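Good morning, and thank you for joining. I will present one model today, beginning with its sheet and then turning to a helix pair and the cysteines.

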Amino acid sequence: MNANAQTLHLASDAPLAHDYSPRLLLVDDEPRLLSSLYELLRDRDYQLVTATCGSEALAQLTKLQFDLVLLDLRLPDMSGHEIMDFMNSKGIACDVIVMSGDVGIEAAIGALKRGAYDYLRKPYSREELLKTVENALAQRRLAVDNERIASRLENSERMYRNLVDSSPDIIYTLNHDGLFTFVNDRAQQLLGFAREELLGKHYSVLIHDEDLERARYVFNERRPDERTSRNVELRLKCKGNGVERTFSNTLMTMSMNAIGVHVADQLRHEQFGIYGVARDITDRKRAEEVISYQAYHDILTDLPNRMLFKDRLGLAVIQAKRKLTELAVMFVDLDRFKLVNDTLGHVKGDELLQQAALRLKECLRRGDTLARQGGDEFTIVLPELRDRGDAKVIAEKFLESLQKPFDLDGHQVHISASIGIAIYPGDGESIDELLRHADIAMYQVKALGKNGHSFYHNSMLDMSHQKIALEQALRRALEQNELEMYYQPQIDVASGRIIGAEGLMRWNHPQRGLLSAGEFLPFAEENGLMLPISDWMLGALCRDLVQWNAAGGEALRLSLNLSPQYLDRGDFFEKMRGALTRYGISPAQIEVEITENICIRNPLYAIEQLNKLCQLGVSVAIDDFGTGYSSLSYLHRFPIHTIKIDQSFVKEIHDEQGHYPVILAIISIARGLGLHLVAEGVETEVQARYLQANGCTTMQGYLYFRPISLTSFIAVLQSQGGVELAARWQQAQQQLPHLAPPMVAVQA
């Protein structure tokens, strides 16, 4: 909306007096958002009118006069831009605040070009909206006041000067030579020049050097036959400090007498001068620049974002094609970032990303571009390569720079990176090809152990296709009952009897045979399959427990590994309770194993969930104790019953008479806190004797049993419990089909 047309219309038709209740039009096609907006503004002494589509908005704009329109850009029948075009074409004088969830810069620029007062991106805060509305109405009142001042200029010279000097804008007149004949006091407040310093001086003393040519063109234009205004944006100098401010100048040519005063009816010997109003739009221009910058840069790291990176990569490809040179595209993924983020929290994770971005940036050459793709992923374009060695050198610099520890408020953190490299034109000639192939090469590095770099090769594409095939096969495995639970017994070494077992998942793959959990569960976690797999596991374990108990295993405890993703899901506890009730299993037979890092991801939520399990009667164990990032205080805060010594510590035991302080410390902690203790990965008699001698009497490992199928496990239980259990086993087998639930189905 043109500012001058708007304020003139208001001054003549509907003055916005201070005791006047402003009328606002609220336009949004989402009823809930519209109602929320209405409730937010209803107590503000505004007259509120609502519209749910473009046609309703146009009807209201035609029928009533509004002071402000709050406009959603996306409407079912037309866009907000079309409504603003209608208002401009009809000369409807009304400020517009655009509210949109569109993250694109084009929508914001389009709204501002059409005269929008401001642009709010959804979701906005309550304070931001109210402040913007108040400012818009305040500015509207101010604009009306300015026009009222202008209408009274002819009544009194003294009133004219007082009112003009109180204007928020710089008001001035120039004679036919471009010399100041009048300037109000606002010039001193905004630019530092007193009125006396400017009167009689040429306007060029205020104009920024780069804007002088444009200023000469506009100021020298003469239109004596009509009172037509023209607008130009100019940067004006501030006195002494070298600072510049941006002003929107509205200029009008008018007839002046010898002393520079406008005379409407004096035609003889008339000379033409300029009447101008300069409005300070510095803050608005800065806001526009910020919006433009943020649209192409990552706010967290201040690096170019994906959009700007693709633009620069496109230019680099064009240049490489013209010069017949090579360029490299790198895809960098920070290893172990997720662990740090989950352990120390998102704030520390953000700090780590910022520090890593600075280190990567220091390794680049002049002309290289580093961008953040999102999350812990970065992309780099290296133009004008002499050979592949240049890319290799920079990749090695990246890895070396990340080896040093990161200090996050006292936390020493170590990370590495997996880097994939694609070379133009050999590995692709389009932007998408180069990025995709660099991404594939990066995942190849991750598959080989991370912390390295790799150039793309066509064979990697076949491996990528194999991963897709693996995902599809895993989904089919759930549907076709190819998964199976194996059990590794836990032994009380004092009596030699089985007192429990850990459930371990296996996949009977049609082509590859029996796969262990480590061969497919990490892939399932990356592809969102852990939740349906965990649902299947819970049902399978309960069905197997029915057969355990029939074979004399009522006193045995089943340990199951719980995925962090499964614990985070709100309905986990209800699923566990429902399964135990449905199969008639005592909660005391279940022990849930969690890792130390689960306790740190979201401690309060984890405590709540684990307490629910304990109230139900399920016990909780910490798996792989001593390998994570937890504090010993968590053993007090969390309802822990069992500590499992990780097999990495057990493997270090080579001498029965040796001293292994980590093992002894864990045993002491468990004994001091009254916790049950289980040693994992016991493979030798030396390890077993050392652990038993120092107070750990429950063990699990290849020395006693490998993970075995349900049938084999039942046979072991029967041999331990006696022949009289055979009848109970046969009876359970006959009843089992009636207990089995429908097969879990997963959408591919």
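Let us begin with helix α4 (residues 80-90), which lies across β3 and β4, in contact by heavy atoms within 4.5 Å, and runs at about 150 degrees to β3. Such angles run from 0 to 180 degrees between N-to-C directions, with axes fitted to C-alpha atoms, for helices over the stretch in contact. Helices (H or I, at least four residues) and strands (E, at least two) are DSSP runs numbered from the N terminus.

Please note that this is a predicted model: local features need pLDDT of at least 70, side-chain atom pairs count only at pLDDT 80 or more, and totals for chains, interfaces and linings use all residues. Residues are numbered from 1 along each chain as its sequence is written, and side-chain values use heavy atoms, leaving out hydrogens and water.

Strands β3 (residues 68-72) and β4 (residues 95-100) run parallel and are joined by five bridges; pairing requires at least two DSSP bridges. L71 has V98 of β4 as its bridge partner. The open sheet has five strands, in the order β2-β1-β3-β4-β5, with parallel pairing. At its edges stand β2 (47-51) and β5 (118-121), each with a single partner strand, so one side of each lacks a neighbour in the sheet. From one strand to the next, the twist averages 20 degrees.

Next, the helix pair. The axes of α13 (residues 337-344) and α14 (residues 346-362) come within 6 Å and cross at roughly 140 degrees.

Finally, the cysteines. The structure holds zero disulfides (cysteine sulfur pairs within 2.5 Å). C94, at 1% relative accessibility, counts as buried (under 20% relative accessible area, 1.4 Å probe, protein chains only).

Definitions and conventions: Buried means under 20% relative accessible area, exposed over 50%, partly exposed in between (1.4 Å probe, protein chains only).
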